[in-house]
Structure formats: structure tokens, C-alpha cells
Amino acid sequence: MTPHWAEQTWDVAVVGGGNAALVAAIAASELGARVLVLERAPRHMRGGNSRHTRNVRCASGDAAPGSGAYGYTELWNDLCTVGDGPSNETLARFTVEQSATVPAWMSARGVRWQAALTGTLHLGRTNQFFLGGGKALLNTYYRLAAASPGIEVCYEAMAEDLEFDGSVCTGLTVLAGQDRHQVRARSVICASGGFEANIGWLRRYWGDAADNYVIRGTPYNDGHVLARLYQAGAARAGQERGFHAICVDARAPRFDGGIATRLDSIPFGIVVNSDGQRFYDEGEDLWPKRYAAWGSHVAVQPGQQAWSLWDSKVDGLFLPPMYGAASAGSVADLARHFGLDEAQVSRTVEEFNAAVVPGAFDPAALDSCHTKGLTPPKSHWAQPLDSPPFFGVPIRPGITFTYMGVAVGSDARVALQDGSVFDNVYAAGEIMSGNILSTGYLAGFGMTIGTVWGRHAGTEAAIRARS
């Protein structure tokens, strides 16, 4: 039997069910469009990676530097200093400028807020936190969609294929259960995430190392729609090896562990690899500007594994590891627990301790505690590891989302390799994040991209469909 949603022509079909997809559907519906949302996951896992978020990074208008507010200029400078900076300056600037309008737009649609968390996050001035986290945010949007007569959501509905006549998408093949159905829509918005859950695809660029990665988010983001767009001639944006990857507990589940498996201990101790050696500056900058770089640092270490070590002086200054930390009365005993070379780890700690230049330790700011004559250095929060008990946690790279996706134009339409664009295919969220992000990441900025471009794509797709 053909379901009713496959028997009609929709103004807009949205492929995906996370933040960008729901924002796009709501924005299109508010302009009078009839919208079909195709969420591949079952209802209880709806929302993609957005389920695991908790905040959004937004500028506070054109605030002057030093005013205490987080203005366009500061957010732009922050974006430019992570990784290699923005991939497309025009689209990145649009995202930064539009971010100032995001909190009010969200509030007007029922989103509620809570006070920012403290500690290593340093986000109270730059980010706004959703009350109840990403799951509550999505529930708010899904309730709004359910109350809208112009939106229908289908769960366990996979967009298996997109059909094209030249640069026009003429329809979608949707797999629902065991049955395939044809869906007709005047405009299509692809908001189906990246390919981070496709280990085979990751292996193309990372080799066998990809087998040791932990995927923080949904197992449904396998890049299926992205691959279909490439087959249809879509232009690429973003680096093949570009991804938002952080340090997670090595004991985390392979998929969908979410934010709870993240480790925030790194700035306050040292990190060693399987050879017992430090390999990067643990105190390079404030944690929200550098935490996403650490996944890549660990990804190139032997076995894609490392260990975060700290002592009792700083224990309790950060969110505790989800699975607890190992503890021991000596550095050598802690190394033995992890199967590391006791003598080498002890030498690494002794060399680090000897290089520490005493300063005024301040966990809430870039302090004066640093090392001298040590490679790699530790630029801030450097204190000797000399106060037992000593603690440690095993680390692996946790992939949040990939950056390589489709190129888009200023109206969010997907670009073609010949320099033109699809007539009626738009993109929002992770699948087009490579237009803006290159190799670095700012905490909360993925939700900014999804909200800004979801709203933009929804508006443009509705205008085209309704005209």
C-alpha cells in the first residue's frame, strides 16, 4: 500500500532529522510551504548528532572589542585562528553575521535556556546553553513541527536515491521498512549529516587508523546522500581528512556515546602516547578553541591512542570521566596499570616537572604557568605532577562530524562541478560545513552553522517552491 505522503507533491522535502533539518522545515513552513521531513532513524533516535549537543555559539551584534560582549569581530577572529581558518570567507562571514539573530529566532519558537557551565569550558560569554541539552531542543522543534499543519515527519524513512533531469531533482526514492516509494517535491533540502559513521569511507583517507576511531554520534550518518549528490555532479567543499574530532574515553562505545564520553582533563595535566612521550602542547589555548584539535593529534599517534595524566592538585577542576579514572600512588604505578613503559613515563614526568616555570595558576584564564626549554612546550596551566595520588584515563579520537561535503552558493543551493548550481537542491548543516570549516573547530559552532543555514535553506527552498 502506498502511504499518503507518497501520493502527493510536496513543496519541500527535507532529508534528515537533526537541528539543520528541523530548522529548515520550520522556516519553510512559516512561509506557507508544505514540508515532508524524512528522518532515517527510528523515533527514539531522531535528531542525528544534534541530540548530543548542548549549546550554540553566537555573536552579540556589532559589539566593540573589550566591551564584555561577544561581537562579530571577535567571533570572526576566533574562527580564523582555529585550524586553517574558514574555507569560504564569504559564506563564513554570512554565518558569523547571522549568528547574532539565532538566539531570538530560537526563543520565539519555544527554545529555553540555562546558565552556562563553568570550569574548563570558558563559554559563558560566547555560547548559549539549551535547557535540557540537544535532546530537549529537538523535542521542542519536533513538537512545533507536529503542531504545524504544513509539516509531516516520517521516521525510518531513508532517502535511498535522488533522481535528476539535468540540474533539476525530479523526485526521491524513499525506503520505508521493506518498501520503496517515490516522493515528489518542488524543492529538496539535504540536511543528512556527513560520512563519519562510514568507516570504509574514512579509511580511504586515514587508512587502517580509521578502525581505531570512536564515532561520537549517530550511526546513521554514513554519507549516503552525500555520495549520491557527488554522483549527480555536485561540487565538493572541505578537506578529505577534515573532521571535528575530540578526545574521548577509549572505553566509550564505538557509536553514539555522545558528549558524556568527552575528556576535559587535558589542559590540567599532560598527555603521553604509547611510547610514554608527550607530543603536543596541552595548554596551547582556552579549551573550547583547542579541544577539537586534540582528536586529530591523537589520531596520528601509534595505535591512535594516548593517556591523559594528572595529579591530585587539579583533580575536580573539570568534568569527571564518565567511566572513572585510574589512580595510583606513583607515576610508575599508574604507567604500569596502563601497560606503558614505567621508566619512560617517569622520565617524561620528571622532565616536564623540571621545565615548569612557576606562575599564578588560574583555571579560568590563560595564566602564566608555562614550561621553558621543553619540546613540546606547555604554554599555560603548567604545574608539576608531584602530588599523589596520580590519575589517568585512556584516550582515543572521537569523531563528531566530517567536513568534506557539497559546495553551496550564497542561497544555499548545491553547486555543480561546472560552476553552476542545481535548480532546486539545497543543503544545510554538516553536509555543507566544509564551506566554512577547514581543520579547526569552535565549541558550539556546528549548531550555529546548522541553524543559520537551515533557516536560510528553508526560506530559499520555500520561496522557489511557492513561486
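I count a residue as buried under 20% relative accessible area, exposed over 50% and partly exposed in between, with a 1.4 Å probe and protein chains only. This is a predicted model, so I ask for pLDDT of at least 70 for local features and 80 or more for side-chain atom pairs, while totals for chains, interfaces and linings use all residues. Residues are numbered from 1 along each chain as its sequence is written, and side-chain values use heavy atoms, with hydrogens and water left out.

**Entry: strand 14**

I take helices (H or I, at least four residues) and strands (E, at least two) as DSSP runs, numbered from the N terminus. I started with strand 14, residues 306–311, and found it mostly covered, with 6 of its 6 residues buried. A reminder to myself: in a regular strand the side chains alternate between the two faces of the sheet. Here Ala306, Ser308 and Trp310 point one way, Trp307, Leu309 and Asp311 point the other way, and all are buried.

Next I looked up the partners, where two strands pair if DSSP finds at least two bridges between them. Strand 13 (residues 270–273) runs antiparallel to strand 14, and 4 bridges join them. On that side I see asparagine 273 opposite alanine 306. Strand 18 (residues 390–402) also pairs with strand 14 in the antiparallel sense, over 6 bridges. There, tryptophan 310 stands opposite phenylalanine 391.

**Entry: aromatic rings**

I describe a pair of aromatic rings by the distance of the centres and the angle of the planes. My rule pairs rings of Phe, Tyr and Trp (its six-membered ring) if their centres lie within 6.5 Å; planes under 30 degrees apart are stacked, over 60 edge-to-face and the rest tilted. Searching the whole structure gave me 20 aromatic pairs. One of them is phenylalanine 195 with tyrosine 205, which is edge-to-face because the centres are 6.2 Å apart and the planes lie at 65°. Phenylalanine 195 is in the loop between strand 9 (179–190) and helix 6 (199–206), and tyrosine 205 is in helix 6, 10 residues apart. I note both rings as buried.

Trp310 and Phe391 turned up again here: ring pairs link them with Phe268, Phe318, Phe361 and Trp381 into a cluster.

**Entry: helix 7 and charges over rings**

In helix 7 (residues 224–231) I found Val225, Leu226, Arg228, Leu229 and Tyr230 buried. Glycine 233 follows the helix with a positive phi, near 100°. Tyrosine 230 also has company: the charged end of arginine 236 sits over its ring, 4.2 Å from the centre. For this I need NZ of Lys or CZ of Arg within 6 Å of the ring centre and within 35 degrees of the ring normal. Arginine 46 does likewise over the ring of tyrosine 142, with its charged end 4.1 Å from the centre.

**Entry: salt bridges**

Side chains of opposite charge can pair when their charged atoms come close. I call it a salt bridge when a side-chain nitrogen of Lys or Arg is within 4 Å of a carboxyl oxygen of Asp or Glu. My count came to 19.

- Glutamate 30 bridges to arginine 109, with the closest N and O atoms 2.9 Å apart. The two are 79 residues apart, with glutamate 30 in helix 1 (residues 19–30) and arginine 109 in the loop between helix 4 (102–108) and strand 4 (113–114). Glutamate 30 is partly exposed at 45% relative accessibility, whereas arginine 109 is buried at 17%.
- Arginine 125 bridges to glutamate 74, with the closest N and O atoms 2.6 Å apart. This pair also links distant parts of the chain, 51 residues apart: the loop between strand 4 and strand 5 (127–130) for arginine 125, and helix 2 (residues 72–80) for glutamate 74. Arginine 125 is partly exposed at 41%, and glutamate 74 is partly exposed at 26%.
- Arginine 336 bridges to aspartate 333, with the closest N and O atoms 2.7 Å apart. They are 3 residues apart in helix 10 (residues 331–337), so about one helical turn separates them. I noted arginine 336 as partly exposed at 44% and aspartate 333 as partly exposed at 33%.

I also found Asp11, Arg186 and Arg466 linked in a network of salt bridges.

**Entry: isoleucine 259**

Which residues does isoleucine 259 touch, leaving out those up to four places away in sequence? I found His52, Arg54 and Arg216, taking contact as heavy atoms within 4.5 Å. Isoleucine 259 lies in the loop between strand 12 (243–249) and strand 13, and is partly exposed at 28%.
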